[in-house]
Amino acid sequence: MALSKGNGGPASGNDARSGQRLLSPEEFRQAAYAHADWIADFFEHVREFPVLPSVQPGEFAAGIPAAAPERGQELAEILADFRSHVFPGLTLWNHPRFFAWFANSSTPPSILAEFLVAAMNANVMLWKSSPAATELEQITLDWIREWLGLPAPRFGIIYDTASTAILQAIGAAREHADPDCRRKGMRPGLTLYLSEQSHFSAEKAAITLGFGQENVRKIEVDDSFRMRANLLEAAIEADLALGKRPCCIVASIGSTSTSAIDPLPAIADIAERYGIWLHVDAAYAGAAGIVPEMRYVLNGAERAQSFVLNPHKWLYVSLDCSVLYTTRPDILRCASSLAAEVIRTPEDEQVVNFNEYGVQLGRRFRALKLWYVLRYYGREGIVAMLRESLRLARLFRDLVASDAAFELCAPVPFSLVCFRLRRNNAHNRDLLAAVNKTGRAFLSHTVLNGQYVLRLAIGNFQTNEQDIRETWELIQAEASRLSVPESAAAERG
Ligand SMILES: Cc1ncc(COP(=O)(O)O)c(C=O)c1O
């Protein structure tokens, strides 16, 4: 372990008269260099650190002072405490052997942009409050739209997360189905359709927006975990017969457990036939559509009224950054806007004021990190990184397939591999715990058809073939070390 012991910069002085704590430009410069040194060293030595810390709940908190400081402290001291106390207690999401959930990357250009964002502290609530930031959001989202091959015009907006984006999208769908709801509140009987494999953020949105869980239909999936379009149509027909009002269908490109792709063209046909709002959740896998040979995965997405993609998942941008595109910004705006006098400006008629398209008034300047990342790597560079993740996932899939002790549990359309030992659930749970405990890799799990399944997701920009091969060897070694007889493990479930 050779991380810089950068001292956090020189001690800073107090203003004798006012008692205020000041940091001169030179002091700031030195402190910033020290932090940058530490980050550069982190990237250089990242593989020397455990992906998952071995800490118990409460252990970190017990190791730092419980009381807030009365007197200001030196940045050098704070950085030193970050290094020695906070860092060892972090799960390293930016580690090349972080394979859990959906692995992602905070790349250097994104980190540098975040530094500027904090310095500018721009609030992108109105065009007037941040003209360049507002227009940069429009420009960068149009670049991504074009790279994805989604037809113009399409309004784009950045939210913090896909969970917020889907809340806004379903809010727009509700407005579409029930135009009076803004004034009178929602009428009962609006229904929402997802698959059993949809991310739970859609159901959460339904709860928040007042649909009620009883009005959420979870459509069965096929053997490849894709929504069955015929059962979707049957559910809509059954609801109509009961006098319900089908409001929104959520289809996934890259569902959470297995990265399945719902049959979008067939689902779009149904949505159009019944006049139902179609939302596409491509939070993780949408970025793959930038790769020419993968563009087919977005077929049908152009027919959706709303579409979400998370650059903070697989587009090399730091958390958080989620992009929503809609063909109906008029409805999204109607569902969310309230023009209070204090935020009126003379330019209102000529510009986009992004706060009108969401629940938030204050908004971070997230477009800058997108602009940095898209410009630094270019389309070619992004495609090369995405292709590498796809290649490594296929490599890992083939390694699993070549070992008779293991089995693949779902197709591998993107960079996620679902697999298991051909043993019972307890063995697989033990295997995951044993692998993660080493700190040399971090995987997560899901349950498919009652079976405990390991998930290895690739998305970090530094992950290489050696990481994949060594992680596979680690998994094999831990699997053979698990010598618990099947009968003993079965007792534990
Ligand atoms: C398919 C899918 N949709 C939505 C989400 C929610 O994303 P966020 O964490 O940005 O709210 C996830 C999270 O993993 C996901 O996998």
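Let's start with the seven-stranded sheet in this predicted model. The sheet is open, its pairing is mixed, and its strands follow the order 1-7-6-5-4-2-3. At the two edges you'll find strand 1 (155-159) and strand 3 (216-219); each has a single partner strand, so one side of each is left without a neighbour in the sheet. Go from strand to neighbouring strand and the turn is 20° on average, if you ignore direction.

For a look at one of the pairings, take strand 2 (residues 190-195) and strand 4 (residues 245-252). These two run parallel and are joined by four bridges. If you want a spot to zoom in on, try Thr191, whose bridge partner in strand 4 is Pro246. Then there's helix 12 (residues 329-336), which packs on this sheet and touches strand 1, strand 5 (277-281) and strand 7 (322-326). The direction of helix 12 makes about 40° with that of strand 1.

Now for the ligand. There are 13 residues around it, and the ones that come nearest are Ala162, Ser163, Thr256, Asp281 and Asn310. Three of these names come up again when you look at polar side-chain atoms. Thr256 has a side-chain N or O atom 2.9 Å from an oxygen atom of the ligand. Asp281 places a polar side-chain atom 2.6 Å from a ligand nitrogen, while for Asn310 the distance from a polar side-chain atom to a ligand oxygen is 2.8 Å. On its own the ligand has 390 Å² of accessible area, and the protein covers 85% of that.

Who makes up the shell? By residue type, it splits into eight polar, three nonpolar and two charged residues. By element, helix 6 (162-177) and helix 11 (311-314) each contribute at least two residues to the shell.

Next, a short tour of the backbone oddities. Most peptide bonds are trans, and most residues other than glycine have a negative phi. Against that background, check the bond from Ala152 to Pro153: it is cis, with omega near -5°. Pro153 sits in the loop between helix 5 (131-148) and strand 1. A second cis peptide bond runs from Leu319 to Asp320, with omega near 5°; Asp320 belongs to the loop that links helix 11 and strand 7. Then there's Phe225, which is not a glycine but still has a positive phi, about 65°. You'll find Phe225 in the loop between strand 3 and helix 9 (229-241).

Further along the chain comes another open sheet, this one of four strands in the order 8-9-11-10, with antiparallel pairing. Here the edges belong to strand 8 (406-408) and strand 10 (444-448); each has a single partner strand, so one side of each has no neighbour in the sheet. The twist from one strand to the next averages 40°.

Strand 10 pairs with strand 11 (residues 451-457) over five bridges, in the antiparallel sense. Look for His445 there: its bridge partner in strand 11 is Leu454.

Two helices lie across this four-stranded sheet's strands. Helix 13 (residues 367-401) crosses strand 8, strand 9 (416-421) and strand 11, and runs at about 15° to strand 9. Helix 14 (residues 425-437) lies across strand 8, strand 9, strand 10 and strand 11, and it runs at about 30° to strand 11.

Note on methods:
Residues are numbered from 1 along each chain as its sequence is written. This is a predicted model: local features need pLDDT of at least 70, side-chain atom pairs count only at pLDDT 80 or more; totals for chains, interfaces and linings use all residues. Side-chain values use heavy atoms; hydrogens and water are left out. Two strands pair if DSSP finds at least two bridges between them. Axes are lines fitted to C-alpha atoms, for helices over the stretch in contact, and angles run from 0 to 180 degrees between N-to-C directions. Contact means heavy atoms within 4.5 Å. A residue is near a molecule or strand if one of its heavy atoms lies within 4 Å of it. A polar contact is a pair of N or O atoms within 3.5 Å; within protein, one must be able to donate a hydrogen and the other to accept it, and residues adjacent in sequence count only if both atoms are side-chain atoms. Accessible areas come from the Shrake-Rupley method with a 1.4 Å probe; for residues, only the protein chains shown count as cover. Ala, Val, Leu, Ile, Met, Phe, Trp, Tyr, Cys and Pro count as nonpolar, Asp, Glu, Lys and Arg as charged, and the others, Gly among them, as polar.
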